[in-house]
Structures are given as C-alpha cells and as structure tokens.
Amino acid sequence: METLDYNVFAEKCVADLKILQEKFQKDYDLDWYEDWFYNQATGLLTFSTNEVKLNFKYFQVGSFSKKSDTWKWSWANDHTLDNVKETTKVIREFGQSSNFPKLIEGCFPSDEFEAWEFTAISAKIANGIGVYRPVDDEQLKIFLVLTELVDNESAQKTKDKYVECGIHEYRRRAFICQHLTTKKIVGFEEAFETYEDMELGDEDDFQAWCTKCEMERQKEDGWNDKSEAFAKIKLVCEKCYFEMKESNLGHK
Ligand SMILES: [Zn+2]
Ligand SMILES: [Zn+2]
C-alpha cells in the first residue's frame, strides 16, 4: 500500500489553500468590511460595515501560543466549545488513519508557519471555503476555517437564540416567570421536559414558570393577557434557567 508522506501532503494543502483563499477574497471582498465578530456559541463569524453584514459558519482549528511557541488543536482545548471544535476530531481521525503524529497529538512545540499548515490541512479535509485568523490577541493566535455562507436572516435567527448573561456570558436564551429564583422554592413548571445542553428545535425555547403561575394559567385556560401579566415572563440565560430548575426541584 502506498503511504502518504506528511510533508508532501501538507505542502499540497498549503498550495491548494492559497488558490482557495484567493477565490474566497475575490468572491467576498473581506477587506471592504470594517468590523468582524465571531462567537463560539453561535459558530458564526460576521464581517460588517455599519448595517451591511456577511456571515459564515466556522470551526476553530486550533491556536498557536507565541508565549510558549506551542500549537494546540481545538479538540484538545477545554475552553473551546464543542460547537466549533467537533470538526477537528475528523482531522484527528484522518491523522490516525494516515499515521501523521502532528494531527494526533493535542499540544506540542510548533511555529506559526506550521499553524497555517494545520489550517490548510483542516480546510482541505473539511471542505472549507476559506480561512480566517482574527487578530484580537497577539499572544494567542486563533485559526478558523469557514465552511459556509449564512444569509443575514438565518444568522440573525441564530443570534436571537442567545443572550448575554451578566454571570454566564453568552448563552442560549430561556424564558421564566418573574417569581422564579434560585433562593426560594416556588415550583418549576415547564413547557416541555428539558435537560441542560439539549438540542432544541428551531421553534423551541426553554420556558418555565412557578406553581402560582401554573394555577393562574389553568384558571385562565392557558396563556392569555391576564395569566401572562401575572407571570411577567422574562429573559434569562440557559445556565441560570437550569440553576433555578435545580434549586426548585432538587438535584436531578
Ligand atoms: Zn410565577
Ligand atoms: Zn446566566
């Protein structure tokens, strides 16, 4: 059986990425945009100039630390959310089947050139449409592969599902009645059975209310102006929601 030489393979990927990236730049003219923003929770990278936006779905290949001169694959990074690192497991599997140690080891001494090589390999294997390195931290360089264009409406729909929490940062949104807290047991009624990190359908949201609200809701034969006024539903993050669920219902 013919074995693939790592260096030959890596060089080919870098050459292919150069062509891919030129096309990507030409197609989307990224330099025109003044701002960029990416978020692990949504998995979206957005370029913008005022109201004009351009969104891509991305995954995070890994990071290069200038401080320690080491490369770390995202799958080995506990701080990277699954949402943006799942794909890197496919790269690792490819490394295993091809016997390429650099694609299998999680963290090791490296340099920036190699970081680009890993990014090129990842773009190749995952069918990326382009790559991006956000310049936000000179000490820790993050490498992203963009996998598809996302139209503004879908991107906004995704972003709307998240909320910035003062305690837990950026999380999925959840709705609760005004009476729910972690400090008092007031009951915990839900729109449907939930558990943390569960997948939600496009139309679903975490929704919970207290026993008193449930009585009000039943009296009114469902949610209407009156029962809703009583509940005064508010927005919290998913983590807060499950903390309230736990304190109200006891440990799961
Ligand atoms: Zn309530
Ligand atoms: Zn929270």
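1. Zinc donor spacing. Along the chain, the donors of the zinc ion (ligand 1) are spaced C-x1-H-x30-C-x2-C. A donor here is an N, O or S atom within 2.8 Å of the metal (3.2 Å for Na, K and Ca), and sites may look incomplete because water is not among the atoms. Bear in mind that this is a predicted model, where local features need pLDDT of at least 70, side-chain atom pairs count only at pLDDT 80 or more, and totals for chains, interfaces and linings use all residues. Residue numbers start from 1 along each chain as its sequence is written, chains are lettered from A and ligands numbered from 1 in the order in which they are written, and side-chain values use heavy atoms, leaving out hydrogens and water.

2. Who holds the zinc. The protein donors are Cys177 (SG), His179 (ND1), Cys210 (SG) and Cys213 (SG), at 2.1 to 2.3 Å from the ion. Cys210 and Cys213 are both buried, meaning under 20% relative accessible area (exposed is over 50%, partly exposed in between; 1.4 Å probe, protein chains only).

3. Geometry at the zinc. The four donor atoms subtend angles of 101 to 115°, so the arrangement is tetrahedral; for four donors, that label requires all angles to lie between 85 and 135 degrees. For reference, the ideal angle for four tetrahedral donors is 109.5 degrees.

4. Strand S3. Now for S3 (residues 52-65): eleven of its 14 residues are buried, so the strand is largely enclosed by the rest of the structure. Strands are DSSP E runs of at least two residues, helices H or I runs of at least four, both numbered from the N terminus.

5. S3's partners. Strands pair if DSSP finds at least two bridges between them. S3 runs antiparallel to S7 (residues 140-150) over ten bridges, with Phe59 opposite Val145 in S7. Six bridges join S3 to antiparallel S2 (residues 44-49), where Ser48 has Lys53 as its bridge partner. Four more link S3 to S4 (residues 70-73), again antiparallel, and Gly62 is bridged to Trp73.

6. The turns. The S2 and S3 hairpin has two residues between its strands, and Asn50 takes a positive phi near 50°. The S3 and S4 hairpin has four residues between the strands, with Asp69 in the turn at a positive phi of about 50°.

7. Helices H2 and H4. The axes of H2 (residues 86-98) and H4 (residues 112-125) come within 10 Å and cross at roughly 95°. Val90, Ile91 and Phe94 in H2 meet Ile121, Ser122 and Ile125 in H4, contact being heavy atoms within 4.5 Å.

Key
Four donors count as tetrahedral if all angles lie between 85 and 135 degrees; four count as square planar and six as octahedral if opposite donors are over 155 degrees apart and all others between 65 and 115; anything else is irregular. Axes are lines fitted to C-alpha atoms, for helices over the stretch in contact, and angles run from 0 to 180 degrees between N-to-C directions.
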